Amino acid sequence: MIYKWMLNKIRPVAFFYLILPCAGHADNARDWQNVPDDIDILFGYYSNINSNTSIDSSLPVDNASVDADLYILRYARSFNLQGHTAGIQLMQPVANIRASLDGSTFNGDTHTNNGIGDFQLALVYNIFGAPALNSQEFRLWTPEMFLTTALWITAPTGDYDKHKLLNIGANRWVMKPELAFGYPIGPFWIEINPMVSFYQDNDEYLGSHHLAQRPLYTAEGHFSLTVNQAMWISLDSTFSKGGETRIDGRLQNNKQQNVLLGASLGFMLSPQFGGAVAYTDTTQEESGSPDISTWMFRVQYVW
């Protein structure tokens with residue numbers, strides 16, 4: 001019975017894990033599966049990121065080489081909303097950035113920046129396949145095909161200096177609606193997550209310049225396998241397109257298109273405590289697109 005209890009705890013952990021909104025904002029496998037009502041989860045993340053972007057990975061910087069340590073504290077709670085599973089998430093990142101900008105006014109020197117990233121709020125609601133269940137009902141329920149929606153809201157609360165090219169905060173609001181579809185096949189799960197990011201203009205880009213960015217469209221795919229009742233592994237992929245920018249009304253001809261591939265592993269060490277490890281790397285990108293590789297380590301506690 002202890003293994004069945006652990007399995008029931010794995011599902012709520014997966015539902016509320018959404019990795020690195022400040023660094024590419026990728027989901028992991030099994031992130032959106034159903035959970036019992038009134039579950040609380042506290043997460044701690046550490047990620048090492050190598051890229052040609054600042055922490056805001058939707059905005060690449062020409063000739064940049066960035067190494068960043070990203071820490072995220074996150075709280076999530078599930079609840080019953082008209083018979084469907086719903087949830088709310090609060091997330092606060094902190095980052096340390098080391099960057100060199102070849103051919104720029106920085107003359108290739110390495111510069112560092114430490115500070116607080118932009119605060120994020122997520123509102124989650126299941127459309128079908130994840131009925132609201134108490135803990136006892138959930139233990140008897142069989143996972144099924146599901147469709148869940150989420151709205152991510154990023155507030156411009158992070159550290160931002162309008163005279164710097166590389167910042168931890170982005171100085172703009174971001175709205176990102178997302179759909180998450182999952183289909184179980186025996187011990188396997190197939191999941192597809194399309195999303196689109198809408199960006200507010202930044203009127204303090206490099207001083208007093210006006211930065212605008214077109215929507216960025218992203219689709220993720222995950223193929224995961226249940227190894228045992230306390231562990232799963234997954235192959236992951238992400239495709240992004242769009243996000244072209246304007247500076248003072250002039251198109252920058254930097255429309256993005258890139259593909260990331262990776263793998264992840266999730267585990268539970270006890271009914272309440274678990275974690276995950278993931279690696280992603282850019283395998284194909286057009287000029288002006290993010291080129292990112294990321295190692296992520298996560299721990300979480302459920303109550």
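Is Leu-179 buried, partly exposed or exposed? Leu-179 counts as partly exposed, because its relative accessibility is 36%, which falls between the 20% and 50% limits of that class. The legends below describe close-up views of a predicted model.

**Figure 1. A nonpolar surface patch with an area of about 870 Å².** The view centres on Leu-179, a residue of strand β9. The patch is made by Ile-127, Phe-128, Met-145, Leu-179, Tyr-183, Ile-185, Ile-190, Ile-192, Phe-223 and Leu-235. Two or more of these residues are given by each of the elements β7 (120–128), β9 (174–185) and β10 (188–199). Strand β9 supplies the largest share, with three residues. Leu-179 can take part in the patch because its relative accessibility of 36% lies over the 30% required of patch residues.

**Figure 2. The salt bridge between Asp-38 and Arg-77.** The two side chains meet at 3.2 Å, N to O. Asp-38 lies in the loop between β2 (26–27) and β3 (40–51), whereas Arg-77 belongs to strand β4 (residues 64–81); the pair thus links distant parts of the chain, 39 residues apart. Asp-38 is partly exposed, with a relative accessible area of 47%. Arg-77 is likewise partly exposed, its relative accessible area being 26%. The view also includes Asp-40, which is linked with Asp-38 and Arg-77 in a network of salt bridges. The structure as a whole holds five salt bridges.

**Figure 3. Salt bridges of Arg-98 with Asp-67 and with Asp-69.** The side chains of Arg-98 and Asp-67 meet at 2.7 Å, N to O. Arg-98 is in strand β5 (residues 84–101) and Asp-67 in strand β4, so this pair ties together parts that are 31 residues apart in sequence. Arg-98 counts as partly exposed, at 25% relative accessibility. Asp-67, at 23% relative accessibility, also counts as partly exposed. The salt bridge between Asp-69 and Arg-98 has an N to O distance of 3.2 Å. This second pair again links distant parts of the chain, with Asp-69 in strand β4 and Arg-98 in strand β5, 29 residues apart. Asp-69 is buried, because its relative accessible area of 13% is under the 20% limit.

**Figure 4. Strand β3 and its pairing with β4 and β19.** Strands β3 and β4 run antiparallel and are joined by twelve bridges. Within this pairing, Ser-51 has Val-66 of β4 as its bridge partner. Strand β3 is also joined to strand β19 (residues 293–302) by ten bridges, and these two strands run antiparallel. Here Tyr-45 stands opposite Arg-298 in β19.

**Figure 5. An open sheet of four strands in the order β11-β12-β15-β16.** The pairing in this sheet is antiparallel. The edge strands, β11 (202–205) and β16 (250–251), each pair on one side only. Between them in the order are β12 and β15. Strand β12 (residues 209–213) is joined to strand β15 (residues 245–247) by three bridges. In β15, Thr-245 is the residue that stands opposite Gln-213.

**Figure 6. The polar contact between the side chains of Arg-172 and Gln-213.** Arg-172 is placed in the loop between β8 (146–154) and β9. This arginine is buried, because its relative accessible area of 1% is under the 20% limit. The side chain of Arg-172 makes its contact with the side chain of Gln-213 at 2.8 Å. Gln-213 is the residue shown in the preceding view opposite Thr-245 in β15.

**Figure 7. Strand β14 and its pairing with β13 and β17.** Strand β13 (residues 216–228) and strand β14 (residues 231–242) pair in the antiparallel sense over twelve bridges. A hairpin joins β13 to β14 through two residues. In this pairing, Ser-240 of β14 is the bridge partner of Thr-218. Strand β14 pairs as well with strand β17 (residues 256–268), in the antiparallel sense and over twelve bridges. Gly-266 in β17 is the bridge partner of Trp-232.

Conventions. Residues numbered from 1 in each chain as written. Predicted model: local features only at pLDDT ≥ 70, side-chain atom pairs only at ≥ 80, totals over all residues. Heavy atoms only, no water. Patch = residues over 30% accessible without salt bridge, like charges linked within 9 Å, V, L, I, M, F, W, Y side chains within 5 Å. Areas by Shrake-Rupley, 256 points an atom, 1.4 Å probe, with all protein chains shown as cover. Salt bridge = Lys/Arg side-chain N within 4 Å of Asp/Glu carboxyl O. Buried < 20%, exposed > 50% of the residue type's maximum accessible area, 1.4 Å probe, protein only. Pairing = 2+ DSSP bridges. Polar contact = N/O pair within 3.5 Å; in protein donor to acceptor, adjacent residues only side chain to side chain.
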